[in-house]
Amino acid sequence: MSKQGEARDLELLEQIIQKEAEVDNLKQQTQEHQKRLREIQKSRTFKLAKPFERVKGFFTKLFGREAETKLMQEIRLLKEELKDLEEQLTKAEEDLHYLSLDERSFKSYQMMELLRSKKNNGKLLDFITEVVEQKQEHVQNYNEALIYAARLFMNEDKKKRELAYSKVFPALETDEVPEFMIRPGLEEEPFE
């Protein structure tokens with residue numbers, strides 16, 4: 001089989017794995033939603049509240065306050081949403097400097113300007129300490145995610161497992177490769 005044919009097979013295998021996972025996920029979500037709907041419909045509160053919903057609709061139509069009530073509720077919800085968004089904006093501005101380090105399009109002159117401003121504000125050493133810790137956590141999180149992803153393929157058939165492992169191996173240092181990924185290579189002939 002040619003290299004091009006093997007590459008095509010691997011690509012198709014990746015697509016099959018992805019589609020199977022999507023189908024399983026959608027089935028699980030559908031079952032959860034159906035179960036929750038049945039629980040709600042069987043609940044005593046739902047059964048008791050049904051007649052009151054009709055009575056409420058009658059009185060709101062009778063007194064013509066339905067539109068006003070909806071507007072007041074909408075205004076209240078919008079105010080709450082605005083407050084939440086303001087809090088999120090404040091938090092996002094604080095995190096922006098640290099996240100900008102991960103941005104691949106972040107230009108070096110922008111980085112230099114950020115570092116100069118931190119030095120002028122007397123916050124450069126704190127920034128350095130935070131960045132070092134963040135980098136170590138970042139690398140650790142990536143390694144854990146890759147190893148767990150490989151572990152999920154541990155009991156799959158040989159081709160799927162080899163495909164997953166071959167994608168994880170280059171990202172790990174030699175001493176970071178877990179034993180369960182090396183074991184199949186000792187028992188069988190190595191894969192490329």
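In this predicted model, R116 and E113 form a salt bridge whose closest N and O atoms are 3.4 Å apart. Both residues belong to helix α4 (residues 108-120), where they stand three residues apart, or about one turn of the helix. An α-helix has 3.6 residues a turn, so residues three or four places apart point the same way. Neither partner is buried: R116 counts as partly exposed at 47% relative accessibility, and E113 likewise counts as partly exposed, at 48%.

The structure holds nine salt bridges, and E14 with K167 is one of them, the closest N and O atoms being 3.0 Å apart. Because E14 lies in helix α1 and K167 in helix α6 (residues 158-168), this pair ties together parts that are 153 residues apart in sequence. E14 is partly exposed, with a relative accessible area of 34%, and K167 is also partly exposed, with a relative accessible area of 48%. Side chains of opposite charge can pair when their charged atoms come close.

A further salt bridge joins E162 to K158, with 3.9 Å between the closest N and O atoms. These two residues are four residues apart in helix α6, so about one helical turn separates them. Salt bridges that share partners also join E20, E156 and K160 into one network. K158 is partly exposed at 40% relative accessibility, whereas E162 is listed among the buried residues of α6.

The three pairs described individually are set out below.

| Salt bridge | Closest N and O atoms | Place |
|---|---|---|
| R116 and E113 | 3.4 Å | both in helix α4 |
| E14 and K167 | 3.0 Å | helix α1 and helix α6 |
| E162 and K158 | 3.9 Å | both in helix α6 |

Helix α6 has other polar features besides its salt bridges. At its N-terminal end D157 acts as a cap, with a side-chain oxygen 3.2 Å from the backbone nitrogen of K159. R161, which lies in helix α6, has a polar side-chain atom 3.4 Å from the backbone oxygen of E156. R161 is buried, with a relative accessible area of 14%, and this value falls under the 20% cut-off that defines a buried residue. The buried residues of α6 are K160, R161, E162, L163, A164, Y165 and V168, a list in which charged side chains, including K160, R161 and E162, stand beside L163, A164 and V168.

Two patches can be described on the surface, one positive and one nonpolar. The positive patch is formed by K35, R38, K42 and K47, and helix α1 (residues 3-42) supplies its largest share, three residues. K42 is in helix α1 and counts as exposed, because its relative accessibility of 62% is over the 50% cut-off for that class.

The nonpolar patch consists of L125, I128 and V132, which together have about 290 Å² of accessible area. V132 has its place in helix α5 (residues 124-152) and is partly exposed, with a relative accessible area of 43%.

Notes: Residues numbered from 1 in each chain as written. Predicted model: local features only at pLDDT ≥ 70, side-chain atom pairs only at ≥ 80, totals over all residues. Heavy atoms only, no water. Patch = residues over 30% accessible without salt bridge, like charges linked within 9 Å, V, L, I, M, F, W, Y side chains within 5 Å. Areas by Shrake-Rupley, 256 points an atom, 1.4 Å probe, with all protein chains shown as cover. Salt bridge = Lys/Arg side-chain N within 4 Å of Asp/Glu carboxyl O. Lys, Arg positive; Asp, Glu negative; His and termini not counted. Charge placed at Lys NZ, Arg CZ, Asp CG, Glu CD. Buried < 20%, exposed > 50% of the residue type's maximum accessible area, 1.4 Å probe, protein only. Polar contact = N/O pair within 3.5 Å; in protein donor to acceptor, adjacent residues only side chain to side chain.
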